[in-house]
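Work through the exercises below with the sequence and the coordinates open beside you. Each one asks you to examine the ligand or the empty space in the protein, and a stepwise solution follows it.

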Amino acid sequence: MNLNTNYSKLQDSYLFVEIARRVADYKAANPGANVIRLGIGDVTRPLGGAVVEALKNAAAEMGTVEGFRGYSPDSAGYPFLKNAIAGYYKSKLGVDLPPDTFQVNDGAKSDLGNFLDILGHNRVLVPDPVYPAYVDTNIMSGNELIYMAGNEANGFLPMPDYTLDADLIYLCSPNNPTGAVYSKAQLTDWVNYALAKKAVILFDAAYGAFITEPGLPASIFEIPGAENCAVEFGTLSKMANFAGTRCGWTAISDRLIINGESIAKLWFRRQSAKFNGVAYVIQKAAEAALSPAGLADCQTSLDYYSANAKIITGALGRLGATYYGGANSPYIWLKCPDGLSSWDYFDYLLKEKNIVGTPGAGFGVNGEGWFRITSFGSRENTEEAARRLIG
Ligand code: PLP
């Protein structure tokens, strides 16, 4: 029995383990400390009323002979949900795609990883700092990773370098961890690069709903030509607080053809062989999240996070700190003061301010000297943390 030896090349995912260890040690030594966690990347607001109602109704339906459903007829999702997603793209993003462009799944993380199943060995461009799942899944597949530096010089938005030949490009905008957002002109440059290199962009749109500034693209399909060179991963995890409910989609146009093969068809083939679809009740909940009432609930929660982000960036502004994100994103990417390393600043904030964030060094070498704070905390904790930051 042979193992996939690529797994031995993976680094331990020590970041959140190490954070938990340092916080636990500090709390053991200081039992009375009121430590505020602003490092979480998980949502904290509850599901919206329209979603809860849909979950109840779908569960009741499943308890009747007439309403019961077994395997879904199509692993890519019920037509009612694909129509709802297509309607959302059209009305909210101005992107008109046929409903069958969307293949429904249990969230973006699984699809981002599973997608590599249908691809061969490739040269893969990933930004650094980066959401670690892109790196891990490519190491598992034995792919060659080429890092593109995100830094202050490019506003943490790496741009194409035509001297580099890549087959696959990961872009995440609004970005985790930096909060930076590509403009339409910048994404157009990426689409042109991908078309020129016959490469494919894997566009992670997990945070698209956080965009409030008119004109900033929330979907790669807002860029002409993207249908021929891009795959988009969407999720309700952050937008509708579905992180524990699990529903997302992969958007692939039937115009994306590589070596004569339809990528949408290959992906459907892979999914129908290895996946039996998302639970009916969850698909009904997702449909409700994208209904007018559901989208109003989403907006209430997005506004809550965005007001938290303003409270934090307001405090950072008063301190004269350098930061990215916080607008159009739940993430604030802060330059550690006084040349401190990410982990030294982590220890300073923990011990002196009783605030926990995420050291940027955990997201790649270019994250060293930077620090991620999120707006997913409660209002009360966020306000208290802002007071401590400036106090
Ligand atoms: N992509 C990015 C950039 C993320 O930050 C996350 C979760 O934090 C995901 C994808 C995973 O999303 P999902 O919950 O849909 O698997």
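The exercises concern a predicted model, and they begin with the ligand before turning to the cavities.

**Exercise 1.** Describe the surroundings of the ligand and its polar contacts with side chains.

*Solution.* Begin with the location: the ligand sits in the largest pocket. Next, list the shell, which holds 14 residues, with Ala 108, Asp 204, Tyr 207, Thr 235 and Ser 237 the closest. By class, this shell divides into six nonpolar, four polar and four charged residues. Then apply the 3.5 Å cut-off for polar contacts: an oxygen atom of the ligand lies 2.6 Å from a polar side-chain atom of Tyr 207, a distance of 2.6 Å is also found between a ligand oxygen and an N or O atom in the side chain of Thr 235, and for the side chain of Arg 246 the corresponding distance is 2.8 Å. Finally, the ligand on its own has 400 Å² of accessible area, of which the protein covers 91%.

**Exercise 2.** How many cavities of 30 Å³ or more does the whole structure contain, and what lines them?

*Solution.* The search finds two. The largest has a volume of about 110 Å³, and its lining of 13 residues includes Tyr 88, Ala 205, Gly 208, Ala 209 and Trp 249, which lie nearest its centre. Two or more lining residues come from each of α3 (79–93) and β7 (230–235). The second largest cavity holds about 80 Å³ of space; among its 13 lining residues, Pro 127, Phe 156, Pro 158, Asn 175 and Tyr 182 are closest to the centre. To this second lining β5 gives the most, with three residues.

How values were computed
Residues are numbered from 1 along each chain as its sequence is written. This is a predicted model: local features need pLDDT of at least 70, side-chain atom pairs count only at pLDDT 80 or more; totals for chains, interfaces and linings use all residues. Side-chain values use heavy atoms; hydrogens and water are left out. A residue is near a molecule or strand if one of its heavy atoms lies within 4 Å of it. A polar contact is a pair of N or O atoms within 3.5 Å; within protein, one must be able to donate a hydrogen and the other to accept it, and residues adjacent in sequence count only if both atoms are side-chain atoms. Accessible areas come from the Shrake-Rupley method with a 1.4 Å probe; for residues, only the protein chains shown count as cover. On a 1 Å grid over the protein atoms alone, a cavity is a set of points where a 1.4 Å probe fits but cannot get out, and a pocket is an open set with protein on both sides within 12 Å along at least five of seven lines; lining residues have an atom within 4 Å of a point. A molecule sits in a cavity or pocket if more than half of its atoms lie within 2 Å of its grid points. Ala, Val, Leu, Ile, Met, Phe, Trp, Tyr, Cys and Pro count as nonpolar, Asp, Glu, Lys and Arg as charged, and the others, Gly among them, as polar. Grid points are joined across faces, edges and corners, and a volume is the space filled by probe spheres set on the points. Helices (H or I, at least four residues) and strands (E, at least two) are DSSP runs, numbered from the N terminus.
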